[in-house]
Amino acid sequence: PCSPYSFIGDPPTRTTCDEVGAWKSIERFFVRNRHTSAKRYPVVSRWRPDLYFTVASIIDFQRVESGKVIFQLPANPLVVPQMCMRFNDIPNVGISGKHYTSFVMVGQHSIAGRGGYWKDKGVDLDFQLMTKEFGIPKEEITFNEEVWVGYGAFGYSLEYFVRGLELGNAVFTAFEGDVASYREMKEKVVDMGTGLQRWAWLSQGTPTNYDANFAEVLGRMNELCRVDVDRKLFLAYSKLAGTMNVDEFGSLSQQRAVIAKKLNTDAKALESRLAPQEALYSIAD
């Protein structure tokens with residue numbers, strides 16, 4: 001997440017696609033590899049008493065019984081295009097180039113055994129999706145190992161990046177409880193989530209995710225508002241904007257000051273020059 005976006009203006013994929021084309025490619029790949037394509041669930045997570053909104057694709061298949069998370073997959077394995085809500089990302093929307101308040105998370109889910117699979121095949125499938133289906137050179141892919149902790153369950157986490165952009169995060173949920181008191185799950189769960197819009201962005205190499213997925217509405221908004229932005233400056237800024245995240249790196253003003261220093265310009269001047277374009281992105285979201 002601290003690397004610049006080197007795919008902007010130079011996409012590493014074999015072909016260019018939009019959001020719908022990206023989903024068709026991902027769905028085709030997983031169905032070909034014996035996954036059931038499941039229809040998305042509601043955005044209001046009525047089956048989870050502790051949540052109002054569906055915040056990740058794995059939420060579709062979680063039930064809470066006596067304080068314990070139970071995983072129930074209608075097919076094993078499966079792939080699903082789930083619309084998710086992320087209101088905690090509001091401060092980043094329009095500014096980071098990648099954050100949305102709502103986006104489609106493609107979920108690749110499997111319960112080990114019972115016809116499903118575990119870590120080895122899960123990682124191999126994601127690698128094949130990138131290299132064979134989208135034609136991304138294997139040398140462009142970076143894996144980063146982490147730990148993911150959720151409600152009542154946690155496990156290993158393998159993030160994958162291409163030229164600075166995190167495409168997905170494969171979580172291998174192996175333990176129930178919390179880090180202070182836990183036990184190994186009898187049925188381990190593969191929980192890979194990837195932002196569908198990011199595949200379209202990566203393939204198009206536009207300055208921001210919004211330009212790739214909101215092109216039509218942004219064109220009409222620009223006609224009405226006549227926003228004039230220094231495109232050269234904005235392009236240079238966009239390659240660094242992905243490092244901005246309120247949750248991880250402090251206030252946006254502090255983060256923008258760091259980027260401004262790298263661009264040899266004043267932070268307040270940079271903000272004022274980019275604010276109109278960022279406002280359009282926020283409104284489009």
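In which sense do strand β1 (residues 36-37) and β4 pair, and over how many bridges? Keep that in mind as you open this predicted model and follow the stops below.

**Stop 1: the sheet**

Start by colouring the strands. Seven of them, in the order β1-β4-β5-β9-β8-β7-β6, form an open sheet with mixed pairing. At the edges stand β1 and β6 (141-149), each with a single partner strand, so one side of each has no neighbour in the sheet.

**Stop 2: β1 beside β4**

Now select residues 36-37 together with β4. The opening question is settled here: β1 and β4 run in the parallel sense, paired over 2 bridges. To see the register, show threonine 36 and look across to leucine 78 in β4, which stands opposite.

**Stop 3: β4 and its other partner**

Keep β4 on screen and add strand β5 (residues 102-111). These two strands pair in the antiparallel sense, over 8 bridges. Two pairs are handy for orientation: valine 79 stands opposite glutamine 108, and valine 80 stands opposite glycine 107.

Next, select residues 78-85 by themselves and turn on a surface for everything else. Is β4 largely enclosed or open? Of its 8 residues, 7 are buried, so the strand is largely enclosed by the rest of the structure.

**Stop 4: the far edge**

Move across the sheet to β6 and pick glutamate 146, which lies in this strand. Glutamate 146 is partly exposed, at 39% relative accessible area. Add asparagine 169 to the selection: it comes 23 residues away along the chain, and the two C-alpha atoms are separated by 9.5 Å.

**Stop 5: a nonpolar patch**

Go to the loop between β1 and β2 (62-65), where you will find tyrosine 52. This residue is exposed, with a relative accessible area of 71%. Select Val44, Phe53, Phe87 and Ile90 along with Tyr52, and you have the makers of a nonpolar surface patch of about 530 Å².

**Stop 6: a bent helix**

Finish at helix α9 (residues 267-284). Its 18 residues reach 25 Å from first C-alpha to last, close to the 26 Å expected at 1.5 Å a residue. Where does α9 bend? Centre on alanine 275: the helix bends there by about 45 degrees, and proline 276 follows within four residues.

Before leaving, show the buried side of the story: Leu270, Leu274, Gln277, Glu278, Leu280, Tyr281 and Ala284 are buried in α9. When you look at their spacing, remember that an α-helix has 3.6 residues a turn, so residues three or four places apart point the same way.

Methods: Residues numbered from 1 in each chain as written. Predicted model: local features only at pLDDT ≥ 70, side-chain atom pairs only at ≥ 80, totals over all residues. Heavy atoms only, no water. Buried < 20%, exposed > 50% of the residue type's maximum accessible area, 1.4 Å probe, protein only. Pairing = 2+ DSSP bridges. Patch = residues over 30% accessible without salt bridge, like charges linked within 9 Å, V, L, I, M, F, W, Y side chains within 5 Å. Areas by Shrake-Rupley, 256 points an atom, 1.4 Å probe, with all protein chains shown as cover. Salt bridge = Lys/Arg side-chain N within 4 Å of Asp/Glu carboxyl O. Expected span 1.5 Å × (residues − 1). Bend = angle between axes of the 7 residues up to and from the residue.
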